[in-house]
Every structure is written in C-alpha cells, then in structure tokens.
Amino acid sequence: MDTILTIDNLQKRYGKVQALKGISFEIKKGNVYGILGPNGSGKSTTLGIILDVVNKTSGSYSWFGGTSNTQQALKKVGAIIERPNFYPYMTAYQNLKLVCDIKQIPYSKIDEKLQLVELIERKDSKFRTYSLGMKQRLAIASALLNDPEILILDEPTNGLDPQGIRQIRDIIRKIAATGTTILLASHLLDEVEKVCTHAVVLRRGEVLYTGTVTGMTSNEGFFELKADNLPQMKEALANHPAVTNIEEKDDKLVVVLSQPVAGSELNRYLFEKGICLSHLVLQKHSLEEQFIQLTSTKTTN
Ligand code: ADP
Ligand code: MG
C-alpha cells in the first residue's frame, strides 16, 4: 500500500507549552484517518506542521515516501484548516473560478466538485447568503478542485447544526468512496467512529493509540500478542472464529475480537499450533472509555 505521509517523533514547543511530545504515525493511501483528541491535545498543531504553516521544534515528516519536497508535495494536498473565507459579494461559482485561475485548473472542474458537495443548485448564489454548513461545503469543493491525493480537514463540523453535521459527514464518506485519502481532526469520538477507518488518538501531545477504528471501539476489546514468528502467528489467528482484525504494531500483533475469548484459551489455541507467546495483554473497552472520560462533548449524529 502506498504511503502518503510518515510522521516520525514530531515535537513542538510554544514557549513553555510542549504541544507535541514526539508523535509518530503513518498515512496510507485510500484510508480515512481521524486525529482524535480533546481540545488542546495537539491536533491543529500537527496539521499545521505537515502543511508547513507551523514550524516544528524537532522530529520529521515526509510526504509521498520522501519522493518530493514539502512545497511540491503540498500541490497534491487539499486542506481546510481555517474557517472558509471567500468573497462575500461573489457567487460560489465566481469564487471557485478565482481559485481555478490561481491554481491553473480548468473551469470544468467547478461543476463536478459543486455537484459532489451538493451545492450545484446554489452555484449562482452569493457567498454571503450561504449558511455556515454551505460555506464549509464550498471550502471542501474548493480544496478538491485540483483532485488532491489527500484531503485534510480540521474539525469540519464545528459550529454546525445537526443537519449540517450530517451533510458534511455524508460528503466526507462520498469523497472517501472515490478513493481520496482523508485526514481529519476531531474532538468527537462518534464523528471519528462514523467517518474514519483509522484513528490516531492524541492526549496532551502524545499518541495513545494508532490503528483501525474497529480496534479502537471493539466492545470485546483486543489482545496484544508477541511471539518469535509473527507471520506464523498471524496466519493461525486469521483462522480463529472470534478474530475480526489483525494488525502489526511495532513487534506486536493487535488482535480485535468479535466475541469474548479468555487469554488462557487463546494461549492454548496458539500453543497447539506450535506458537509460544512471549507477551499477552487483553485491553478491554479501555480506549473508548478513557476517551469518553477525556472529552465532555458528544453529539448524537
Ligand atoms: P487542538 O487542535 O487539539 O485543540 P492545538 O494544536 O491547537 O490543539 O494546541 C495544542 C497546545 O498548544 C495547547 O496547549 C495550545 O494552547 C497550545 N498552542 C497552540 N497554538 C499555540 C500558539 N500559537 N502559541 C502558544 N500556544 C499554542
Ligand atoms: Mg484544533
């Protein structure tokens, strides 16, 4: 699978505030990633650094496997990290024409993207007549004009009413279905659960979890397992009826379950297949519960 972005031990200090304490994760093509964390956990700082609007203190990141420098790479990135800002007295179409002029994109893209964000019927309305949700959707259309490899959104549903939130989430899912990689920052667990395939959970500038959303929210929890022969263990686990997902993380396997399995039972199952475990930990509910405690807001959409 192609790697879009690799972040390695990134640190950021604003004066006395250590906003990022060495975060690492990877973004692979075609997935939808959520950076999930309460306010102040370092989400916007992370996005700012990879988009070259905030200076890092130390660590590194590389776009597209290091094949292009940041400036070249950012031409293949569509990002919305601030409140959408267009000319209020111009229509949506006129505003996007300006963006096309600046980025040297054919105007033919405008209708295609307005269709995608469901604003085609309002393309000739002035920007100032748009609701906040429509403004946000127009910003998404604008960011997509050059068919970027990855779309980056910072808290895309903040401040919207329930209907506006639902529309944005539907559109993000639609964009993901076309194969565009997405990275979004959110402080809402249910938002990440609903639209993302993968999550990076941040707390006070540290990564608490990286992996699939299923692994993060699985009710039956997940095992962390270590053995000398990981590929052999992976194969054996793939045949276990209660295992729904297996991921390699560092030198461990993270194994997500669809029904409860006792540690002793899993140990015996693997032993009978010739695998001796050197590490077995069952994490039950932990991340989701921890996260809910960390955040006070939870929407119902
Ligand atoms: P999030 O987007 O998750 O809410 P931020 O990345 O905005 O978090 O902030 C992370 C930490 O860095 C917070 O403690 C915040 O107060 C601090 N911070 C962010 N931007 C600045 C800045 N420009 N100057 C000083 N401190 C900042
Ligand atoms: Mg933020």
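Which element supplies the largest share of the shell around ligand 1? Some notes on that and on the pockets follow; bear in mind that this is a predicted model.

1. The answer to the opening question is helix 1, which brings three residues to the shell around ligand 1. Helix 1 spans 43-50, and strand 2 (17-28) joins it in supplying at least two residues each.

2. If you want to click through the whole shell, ligand 1 is surrounded by Tyr14, Val17, Ala19, Pro38, Asn39, Gly40, Ser41, Gly42, Lys43, Ser44 and Thr45. Sorted by class, that shell comes out as six polar, four nonpolar and one charged residues.

3. Now for the side chains that have an N or O atom facing a ligand atom. Thr45 has one 2.5 Å from an oxygen atom of ligand 1, and Ser44 has one 2.8 Å from an oxygen atom of ligand 1. With Tyr14, the partner is a nitrogen atom of ligand 1, and the distance is 3.5 Å. As for cover, the protein buries 58% of the 560 Å² that ligand 1 exposes when taken alone.

4. On to the empty space. The largest pocket holds about 720 Å³. Its lining runs to 24 residues, and those nearest the centre are Ala79, Val99, Lys103, Ser142 and Ala143. Who builds the lining? Helix 3 gives the most, with five residues. Strand 5 (77-80), helix 3 (92-103) and helix 5 (132-144) each put in at least two.

5. What is the class make-up of the lining of the largest pocket? There are 15 nonpolar residues in the lining, alongside five polar and four charged ones.

6. The second largest pocket has about 410 Å³ of space. It is lined by 15 residues, and Glu26, Thr210, Gly211, Glu247 and Glu248 sit closest to its centre. Strand 2, strand 8 (198-203), strand 9 (206-212) and strand 11 (243-249) are the elements that give two or more residues to this lining. Strand 2 is worth a second look, as it also supplies at least two residues of the shell around ligand 1.

7. By class, the lining of the second largest pocket has six charged, five nonpolar and four polar residues. Which domains contribute to the lining of the second largest pocket? Both domain 1 (3-216) and domain 2 (220-284) do, with at least three residues drawn from each.

Terms used:
Residues are numbered from 1 along each chain as its sequence is written. Chains are lettered from A and ligands numbered from 1 in the order in which they are written. This is a predicted model: local features need pLDDT of at least 70, side-chain atom pairs count only at pLDDT 80 or more; totals for chains, interfaces and linings use all residues. Side-chain values use heavy atoms; hydrogens and water are left out. A residue is near a molecule or strand if one of its heavy atoms lies within 4 Å of it. A polar contact is a pair of N or O atoms within 3.5 Å; within protein, one must be able to donate a hydrogen and the other to accept it, and residues adjacent in sequence count only if both atoms are side-chain atoms. Accessible areas come from the Shrake-Rupley method with a 1.4 Å probe; for residues, only the protein chains shown count as cover. Helices (H or I, at least four residues) and strands (E, at least two) are DSSP runs, numbered from the N terminus. Ala, Val, Leu, Ile, Met, Phe, Trp, Tyr, Cys and Pro count as nonpolar, Asp, Glu, Lys and Arg as charged, and the others, Gly among them, as polar. On a 1 Å grid over the protein atoms alone, a cavity is a set of points where a 1.4 Å probe fits but cannot get out, and a pocket is an open set with protein on both sides within 12 Å along at least five of seven lines; lining residues have an atom within 4 Å of a point. Grid points are joined across faces, edges and corners, and a volume is the space filled by probe spheres set on the points. Domain bounds come from an automatic or database domain assignment.
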